[in-house]
Amino acid sequence: MSNSIEIPFSTTLLVRDTCLCLHVQRAARSLARLFDDALRPAGLTNGQFSLLMSLNRPEPPPMGPVAALLAMDQTTLTAALKPLQRKGWVTVVENPRDRRGRLLVLTGEGKAVLAKALPIWESTHAGIDGTLPDGNCTRLRDDLQALSSMTAEMPKSAPSRRPHHSGRAVGE
């Protein structure tokens, strides 16, 4: 016989209405679908567009800074690069200053795809910016950047904050 703990439904509603993680995830999924649909004619997903744009620099960047910019670990970045490499849009080369490291190079074909996608991104973004309350997209971006910075600096494990049940909080 198991001890069943009942959580009041009012708590479920509270979490639904106030959980920042849940609201950001929902917004991110909605935006991702919107940009995926918009960028499809250019042959890109929103994630691929962001990755290619992160490589559009005067000098090819190492993997670490790109992974940090995109808030992903290097293993995930490596997996995300594979289809772009197969299409010839990105190459990974040895870093001449540190032979253990790799540099990510946006190829001519990758630049062409990015150039095709950029006007799509711009028009999609303009449409979104125009629908935000008070047209205050700058404040939203600032708040999201502050949230990203704050959470990146927080300790990775906080045992006292972990739920005691399945290990996952509502909205995760």
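**Exercise 1. Find how much area the chain exposes and what share carbon and sulfur atoms supply.**

Step 1: The chain exposes about 12400 Å², an accessible area from the Shrake-Rupley method with a 1.4 Å probe.
Step 2: Carbon and sulfur atoms supply 58% of that area.
Step 3: Keep in mind that this is a predicted model, where local features need pLDDT of at least 70 and side-chain atom pairs count only at pLDDT 80 or more, while totals for chains, interfaces and linings use all residues. Residues are numbered from 1 along each chain as its sequence is written, and side-chain values use heavy atoms, with hydrogens and water left out.
Step 4: Of the 172 residues in the chain, 22% are buried (under 20% relative accessible area; exposed is over 50%, and partly exposed is in between, with a 1.4 Å probe and protein chains only).

**Exercise 2. List the elements of the chain in order.**

Step 1: The chain has seven helices and two strands; these are DSSP runs, H or I of at least four residues for helices and E of at least two for strands, numbered from the N terminus.
Step 2: Starting at the N terminus, the order is α-α-α-α-α-β-β-α-α.

**Exercise 3. Describe how helix 1 and helix 2 pack.**

Step 1: Helix 1 covers residues 9-18 and helix 2 covers residues 20-39.
Step 2: Their axes are 6 Å apart and meet at an angle of about 50° (axes are lines fitted to C-alpha atoms, for helices over the stretch in contact, and angles run from 0 to 180 degrees between N-to-C directions).
Step 3: The two helices are therefore oblique to each other; angles under 35 degrees count as roughly parallel, over 145 as roughly antiparallel, 65 to 115 as roughly perpendicular and the rest as oblique.
Step 4: Helix 1 makes the contact (heavy atoms within 4.5 Å) through Val15, Arg16, Asp17 and Thr18, and helix 2 through Leu20, Leu22 and His23.

**Exercise 4. Locate the one aromatic pair and place its two rings.**

Step 1: The pair is phenylalanine 49 with tryptophan 121, at 6.0 Å centre to centre and 20° between the planes.
Step 2: This pair is stacked (ring centres of Phe, Tyr and Trp, with its six-membered ring, lie within 6.5 Å; planes under 30 degrees apart are stacked, over 60 edge-to-face and the rest tilted).
Step 3: Phenylalanine 49 sits in helix 3 (residues 46-55) and tryptophan 121 in helix 6, so the pair ties together parts 72 residues apart in sequence.
Step 4: Phenylalanine 49 is buried at 5% relative accessibility, whereas tryptophan 121 is partly exposed at 30%.
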